[in-house]
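Let's walk through this structure together, one sheet at a time. Have the 3D view ready to rotate as you read.

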Amino acid sequence: MTDIQEQAKISFQNVRRVYDVGRGTFEALGGVDLAIADGEFVTVVGPSGCGKSTLMNICAGLETASSGTVTVDGTPVDGPSPHRGVIFQQYALFPWLTVRKNVEFGLSLQKMSRAERRERAEHFIELVGLTGFIDAYPKTLSGGMKQRCAIARAYAVDPSILLMDEPFGALDALTRVSLQDQLLRTWSADRRTVMFITHDVDEAVYLARRVVVMAKEPGRIVQVIDVDLPYPRTEEVRLSPEFAQLRGEVWRAVYHQPPSEALTKGHTA
Ligand SMILES: Nc1ncnc2c1ncn2[C@@H]1O[C@H](COP(=O)(O)OP(=O)(O)OP(=O)(O)O)[C@@H](O)[C@H]1O
């Protein structure tokens, strides 16, 4: 392990994930090394099927690596943990629970009085601007509101790491921009470590300190681009020539990738 990996909040060391398919195998991840510092905001972009979700799921403890290790604070991941909050594109809210009860649900496994649970849920519901909808059921909320509820639920558990898999992917552009700003505001205040998957190059640059670009077959990191733009990220930053240049750099890294290494064996997909 290198010094950087030893000090990292999250460290992927030579992480491989191989699936059995038919009579062969398919290498979804072909040896990924990545160190994410405490409090860092990292975005991950890459073509469909390059292993972004697989990488994140291994970190979340929802999947296991075929070889290699992922450590969090130096301890190998061996399953899900409340210290790692996961937010997916599909909001995964319980339709039969109100906003309040959905957020409280995440707290039900913690030792906490009912009053404390209630107060904590209300605080995070307010933080994401859903106080007026606290007793509403998910089916009555817009996509953006559902996602804000899912975010409140994840925050309420107070994880030190947020793992976000295309959380804004299903939302319209305006809602997306407003949720990006809201996410950055809370991140600036609490400095959780964030690993955020997206297909959107603008979003990747706007949010991150570093953009990790992956390629497929096998899934691997091809470039890590430093985003040397100041926080808070504002519209001025978004419209600056420096932003445009970084967007171009990430765009080229994603859309002008060398042909796959064709290490696929027996995978017909
Ligand atoms: N259980 C499985 N069995 C076989 N192959 C799988 C399995 N799970 C994932 N894969 C393959 O692994 C590769 C990586 O999948 P993954 O979902 O991590 O990619 P991704 O980069 O997140 O894609 P997308 O951007 O489309 O969500 C894909 O080719 C996928 O088909």
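**A walk through two sheets**

Start with the open sheet built from six strands, whose order is β6-β7-β8-β3-β9-β10 and whose pairing is mixed. At its edges you will find β6 and β10 (220-226), each with a single partner strand, so one side of each has no neighbour in the sheet. From one strand to the next, the twist averages 15°. Keep in mind as you look that this is a predicted model.

As general background, strands of a sheet pair through backbone hydrogen bonds, in either the parallel or the antiparallel sense. Two pairs in this sheet are good places to zoom in. Strands β6 and β7 (residues 161-165) run parallel and are linked over five bridges; within that pair, G85 has L162 of β7 as its bridge partner. Further along, β3 (residues 41-45) and β8 (residues 193-197) are also parallel, joined by four bridges, and here F41 stands opposite V194 in β8.

Is an edge strand such as β6 enclosed or left open by the rest of the structure? Four of the five residues of β6 (residues 84-88) are buried, so this strand is largely enclosed by the rest of the structure. Being at the edge of the sheet leaves β6 with a single partner strand, yet the burial of its residues shows that other parts of the structure surround it.

Now turn to the other sheet. This open sheet has four strands in the order β2-β1-β4-β5, and the pairing is antiparallel. Its edge strands are β2 (24-36) and β5 (75-76), each pairing on one side only. Strand β4 (residues 67-72) meets β5 in an antiparallel arrangement through two bridges, with V72 opposite T75 in β5. Helix α2 (residues 52-60) packs on this sheet and touches β1 (10-21), β2 and β4, its direction making about 115° with that of β1.

One residue of β4 deserves a stop: G68 is found in this strand. G68 is partly exposed, with 16 other C-beta atoms within 10 Å. Leaving aside residues up to four places away in sequence, G68 touches Q13, N14, V15, R16 and G31. For a sense of scale, the C-alpha atoms of G68 and P230 are separated by 35 Å, and these residues are 162 apart along the chain.

The ligand brings some of these elements together again. Which residues come nearest to it? There are 14 residues around the ligand, and Y19, A28, S48, S53 and T54 come nearest. The elements giving two or more residues to this shell are β1, β2 and α2, and α2 gives the most, with three residues.

Next, look inside. In soluble globular proteins, nonpolar side chains tend to be buried together. The largest nonpolar core here has 70 residues, and C59, A152, M195 and V250 have the most contacts inside it. Helix α5 (residues 143-156) gives the most to this core, with eight residues. Not counting residues up to four places away in sequence, A152 touches V103, F124, I125, L127, V128 and L130.

Finally, zoom out to the annotation. In an unreviewed entry, UniProt lists residues 10-237 for "domain: ABC transporter". In the model, that span is 32% helix and 29% strand, and its end C-alpha atoms lie 28 Å apart.

Terms used: Residues numbered from 1 in each chain as written. Predicted model: local features only at pLDDT ≥ 70, side-chain atom pairs only at ≥ 80, totals over all residues. Pairing = 2+ DSSP bridges. Contact = placed C-beta atoms within 7 Å. Axes fitted to C-alpha atoms, helices over the stretch in contact; angles between N-to-C directions. UniProt positions renumbered as here; feature names shortened; annotations may be inferred. Core = buried A, V, L, I, M, F, W, Y, C linked by C-beta atoms within 7 Å. Buried ≥ 20, exposed ≤ 12 C-beta atoms within 10 Å, placed from the backbone. Near = placed C-beta within 6 Å.
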